[in-house]
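Here's an informal walk through one protein model, with an eye on charge pairs, a pocket and a surface patch. Have a look at the structure first.

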Amino acid sequence: GANGYTKVAFSGYVICFAMKLQSDGKILIGGNDGNFYAGNSSLILARLNTNGKLDSSFSGDGKYSLNLSRKSLTCNEILIQPNGDIVATGQLDTVVDPNFINEFFATRLHSNGTTDVSFGNNGIVRVKNSISDIAYCAGLLPNGKIIMRGFSKTRRGNIASVLSITSKGAVDKTFGTNGWVYPSFYGGTGILNADVVQQNEKIIFAGTIYNTNQTSSIGLVRLTRNGSLDPSFAN
């Protein structure tokens with residue numbers, strides 16, 4: 001960059017939420033631009049060469065933007081598949097004044113920054129299973145499945161939620177109940193915002209648990225590859 005710094009500008013107010021290092025040393029960053037809370041922000045990605053300059057082999061000028069009419073999109077996690085394809089996951093928000101309707105969201109690009117139209121519906125996956133579903137992070141299983149997690153808003157309050165989608169961008173019906181798992185933390189409200197996929201394909205999720213006595217705790221849960229709780233982990 002310039003004296004150790006690199007600035008990447010898009011058309012609006014830009015926030016970076018995600019970063020991933022490719023095997024060749026190039027750097028992917030993602031987030032959103034525009035007024036997210038007004039319902040008109042775009043999901044953005046950029047790729048930098050190892051010297052911090054924009055990589056023009058990605059999307060023509062190093063920058064990619066995805067906008068859907070009257071929606072707010074954001075990238076909270078970037079995954080790189082073994083073939084070099086790039087999966088940007090996060091959330092899609094629709095403003096239903098005065099509230100938001102949130103959905104788990106993912107899009108996949110080829111390594112050159114063009115949309116992979118074979119993924120989901122013309123390159124896009126959006127899944128909703130409650131009043132609102134917000135995905136903070138995601139992981140990639142060796143079999144190509146994508147695990148997304150965050151929290152869901154229900155009539156009984158917010159609960160931790162996990163969704164599995166196939167490598168083709170369809171809801172993985174073999175995972176949990178119709179693709180969803182809602183880990184319960186002793187009655188507390190859970191928000192999952194970190195994970196690790198182990199070599200045995202078990203998945204550990206971590207986050208914050210808001211307890212009924214107005215305190216908070218760190219929560220950890222381990223699931224098997226089919227979404228069931230792993231009884232060999234903790235209590």
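## Charge pairs, a pocket and a patch

Arginine 149 is buried, with a relative accessible area of 0%; buried means under 20% relative accessible area, exposed over 50%, and partly exposed in between, using a 1.4 Å probe and protein chains only. Before going on: this is a predicted model, where local features need pLDDT of at least 70, side-chain atom pairs count only at pLDDT 80 or more, and totals for chains, interfaces and linings use all residues. Residues are numbered from 1 along each chain as its sequence is written, and side-chain values use heavy atoms, with hydrogens and water left out.

Back to arginine 149: its side chain meets that of aspartate 195 in a salt bridge, at 1.4 Å from N to O. A salt bridge here is a side-chain nitrogen of Lys or Arg within 4 Å of a carboxyl oxygen of Asp or Glu. Aspartate 195 sits in strand β13 (residues 189–197) and arginine 149 in strand β10 (residues 146–154), so the pair ties together parts that are 46 residues apart in sequence. Strands are DSSP runs (E, at least two residues), numbered from the N terminus. Aspartate 195 is partly exposed, at 27% relative accessible area.

The whole structure holds 9 salt bridges, including these:

| Acid | Base | N to O distance |
|---|---|---|
| Aspartate 55 | Arginine 47 | 2.8 Å |
| Aspartate 195 | Arginine 149 | 1.4 Å |
| Aspartate 230 | Arginine 222 | 2.7 Å |

Aspartate 230 is buried at 7% relative accessible area, and arginine 222 counts as buried too, at 13%. Elsewhere, salt bridges that share partners join Lys26, Arg47 and Asp55 into one network. Within that network, aspartate 55 is buried at 4% relative accessibility, and arginine 47 is buried at 4%.

Now the pocket. A pocket is an open set of points on a 1 Å grid over the protein atoms alone, where a 1.4 Å probe fits, with protein on both sides within 12 Å along at least five of seven lines; lining residues have an atom within 4 Å of a point. The largest one has a volume of about 410 Å³. Its lining takes in 18 residues, with Ser184, Phe185, Tyr186, Leu220 and Asn235 nearest the centre. Strand β15 (residues 216–223) gives the most to that lining, with 6 residues. By type, the lining splits into 11 nonpolar, 5 polar and 2 charged residues.

Finally, what about tyrosine 13: buried or exposed? At 62% relative accessibility, tyrosine 13 counts as exposed. Tyrosine 13 is found in the segment before β1 (15–21).

Notes: Helices (H or I, at least four residues) and strands (E, at least two) are DSSP runs, numbered from the N terminus. Grid points are joined across faces, edges and corners, and a volume is the space filled by probe spheres set on the points. Ala, Val, Leu, Ile, Met, Phe, Trp, Tyr, Cys and Pro count as nonpolar, Asp, Glu, Lys and Arg as charged, and the others, Gly among them, as polar.
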